[in-house]
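Colleague: Could you walk me through the salt bridges and the domain contact in this one? I'd like the cut-offs as we go.

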Amino acid sequence: MTIPRSADLASDVLTHTYDDMFNPPGLTNFLGTAQVDLDVFAIRSVNFPPYSHGDCITGQLYVDGRLVRSYGGTVEVVWRPDHVVRSTTVDGLTLRTTTACAPGRPAVVVQLEVTGAPGRSVELGLTLASTATGATGGWSNYMPPSESNTLHAVGDRVLGVGESGSAVSLQGLDVPAEVDRAMLKTTLVLDAQGHGRMSYVHVLARDLTEAETHFEVCASDVPAVIAVAEGVWDMALSDAFDPDSDGFSGSLPVLETSNEALQKLYWWGVLGVIWFRRDNPASVLGRAYDTLMPRHWATTTFIWDYSLSSLTHALLDPVPMRRHIEHWIDLDIHKHFGTEWLTGGPVGQWYSVNDFAMTRLVRDYVRFTGDSSLLSPAVTDHVVEWATAWRGLRGKHALADYGGIDNLLECVSSYVHEVASFNAANVWCLRVAAEITGNQDLLKEADELAGHVKELYVDGAGHWSARQPDGELVPVRHCYDFNIIGTTIAGDLSESQQAEMVAFFQRELQTPTWMRALSPYDADASFSLRPDHQWNGAYPAWPADAARALIAFGRTDVVLDWLPGLARSANQGPCGQAHFVEEGAPLMAGGARKAPPQDPYLIDWACSSSGAWVSLVLEGLFGVEVGLDGTVTAEPRVAALDPSARLRGLRVGGATYDVTAEGLHQV
């Protein structure tokens, strides 16, 4: 099997109890998102821009008058791109729900199947809530907007509307029900086989008329809604690998391999980008790709995260990629960390990564699409500006000072000022600018700057220091220095420095199924418990980028040995914003557990930087190199995993290639 369907990407069975260290899965229909809650029925974070619920929880289930979650039993969860199945057993009954976002509609459906003694009468109740509101501008806060609603009975359905009247929610069942204040009630009598079924529909819309239209269509046949959702997702996955489809403006190569870990990680990366596609008519930017979902920063695209999946975007969907590059240039990348698509306006503070990220986006777009028209004189001037912006950030020393934690990793207090990573990235950016412009002075400057970056290296230790404004060198044992230095200036380091860095990584950062972002031996490891950048876990792109750094340091063997453990972390759906290391939380179904959203972790269920895994497979393991002039070479490193592994249909410019364990073949 080379092209996955929804069923092929299903998670393992994920078991939790109420309020465990568990991040419940999300769903999308490419218009908006929703999240299942910790019980067997409820949903939350139902947001279809420009209409929003914020993080409101609704639909908590009662059986025979008792709140189901109060039984304290376990809930089994299986996520798929098209739906989520939850099941539990209470009071002699098996309860199984299937939740999906309705294709093409601002609606969520939940189908409940009840199994028990034939002829048993089961009273069911759903407590409802609503905080519906409509956007009057951009969503520039990490939480989507919401407002207090009043609930009204509309026949046997419940309407939620706020004082602004800017949006409504409509909630109801596909069987006769009564409304008792904020609760929907119905009774099921199990049939001769002991089965019963009912479904719930939740619509978020501009007004009651619009909501009722969507509601009637969904409630008339909820199983059909669920079936169509599967078809829509199967088509999206197929389109991602089909250069002749209309689903995307490009396509990704098909990976043919007998190695399960390699296949799983490649599909993980592909899925994690498709997952964030938004084709919402409210978007002023056309098709967009969100960064987090389903709880935080809806409608926002971070430049940093987009760049971490840069290669994937360039191959899969270059048209919106170019549109976003040009849009970000027009808005001045030194004044925000990204944009939101309801208005196109900037969001947040400046991120230190932006110059590096934009350079990478432009370079990847041009070299993979062959569309050199992007490199107009104005854009070329911007590339040079990004490559030299560090000059204006210097203080008393030769390197750029990137300020405090809000511009950098946010939860590592010592990773501030003259950090090694972005200064190394400046070396790389200078070399890219020289490649584009032919300016040899930029190459000379890059070589000189590389020498100054190495002043931050801690001899014999394998890690780097952050220089403070007073000149103090503060050792910081963080993976971001390892990743960026390894993927940008590995050739500027001595063999002993490379070997020391690999030894440090293996000793203090790498774990069997994941990695630590910060060494637990670092003095700042006690500063925060946010696992995307601290000792207890890592951001989803960090293991993929660390693996590419290991390959650049000549240690492909370390990567190949690591892959099976990493693949076990792909068993919970798309990459989370962070996964815990083994010491941070128990494994989930054999893999690194997704971190939860509550304090102090504050982690969303999925993150778009998962495209970094595609880069690892294509550039790292298959050794594909593409120049700005479209020249393609390959030095594959996959033979030890699968000597018959093959990338079929890699499209670069106007040419198509297959890459095998033996090398590159133009089709």
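**Salt bridges and the domain contact**

Modeller: Let me start with one pair: R467 and E418 are both buried, where buried means under 20% relative accessible area, exposed over 50%, and partly exposed in between (1.4 Å probe, protein chains only). Before we go on, this is a predicted model, where local features need pLDDT of at least 70, side-chain atom pairs count only at pLDDT 80 or more, and totals for chains, interfaces and linings use all residues. Residues are numbered from 1 along each chain as its sequence is written, and side-chain values use heavy atoms, with hydrogens and water left out.

Colleague: How far apart are the closest N and O atoms of R467 and E418?

Modeller: The rule for a salt bridge asks for a side-chain nitrogen of Lys or Arg within 4 Å of a carboxyl oxygen of Asp or Glu. R467 and E418 form one, with the closest N and O atoms 2.9 Å apart. The pair links distant parts of the chain, R467 in strand β28 (residues 464-467) and E418 in the loop between α8 and α9 (420-437). Helices (H or I, at least four residues) and strands (E, at least two) are DSSP runs, numbered from the N terminus, and along the sequence the separation of R467 and E418 is 49 residues.

Colleague: How many salt bridges does the rule count?

Modeller: Side chains of opposite charge can pair when their charged atoms come close. Applied to this model, the rule gives a count of 38.

Colleague: Which residues are linked with D55 in a network of salt bridges?

Modeller: D55 meets R44 at 2.8 Å, N to O. D55 sits in the loop between β5 (51-52) and β6 (57-58), and R44 is in strand β4 (residues 43-47). D55 also meets R295, at 3.7 Å, N to O. The network links D55 with D37, R44, R69 and R295.

Colleague: Is R44 buried or exposed?

Modeller: Its partner D55 is partly exposed, with a relative accessible area of 22%. R44 has 12% relative accessibility, so R44 counts as buried.

Colleague: How many residues apart in sequence are R120 and D64?

Modeller: The side chains of R120 and D64 meet in a salt bridge at 3.2 Å, N to O. R120 lies in the loop between β12 (107-115) and β13 (121-127), and D64 in the loop between β7 (60-63) and β8 (66-67), so the pair ties together parts whose separation in sequence is 56 residues.

Colleague: What area is buried between domain 1 and domain 2?

Modeller: The assignment (automatic or database) gives domain 1 (6-234) and domain 2 (241-666). Their C-alpha centres lie 36 Å apart. Buried area is the accessible area (1.4 Å probe) that two parts lose on being put together, summed over both. Carbon and sulfur atoms give 66% of the area here, and the total is about 3200 Å².

Colleague: Which residues in domain 1 lose the most area to domain 2?

Modeller: Three residues together account for 24% of what the domain 1 side buries. They are M21, N23 and F30.

Colleague: Which residues does T380 touch, not counting residues up to four places away in sequence?

Modeller: T380 lies in helix α8 (residues 377-388), and T380 is buried, with a relative accessible area of 14%. With contact meaning heavy atoms within 4.5 Å, and leaving out residues up to four places away in sequence, T380 touches L375, I436 and T437.
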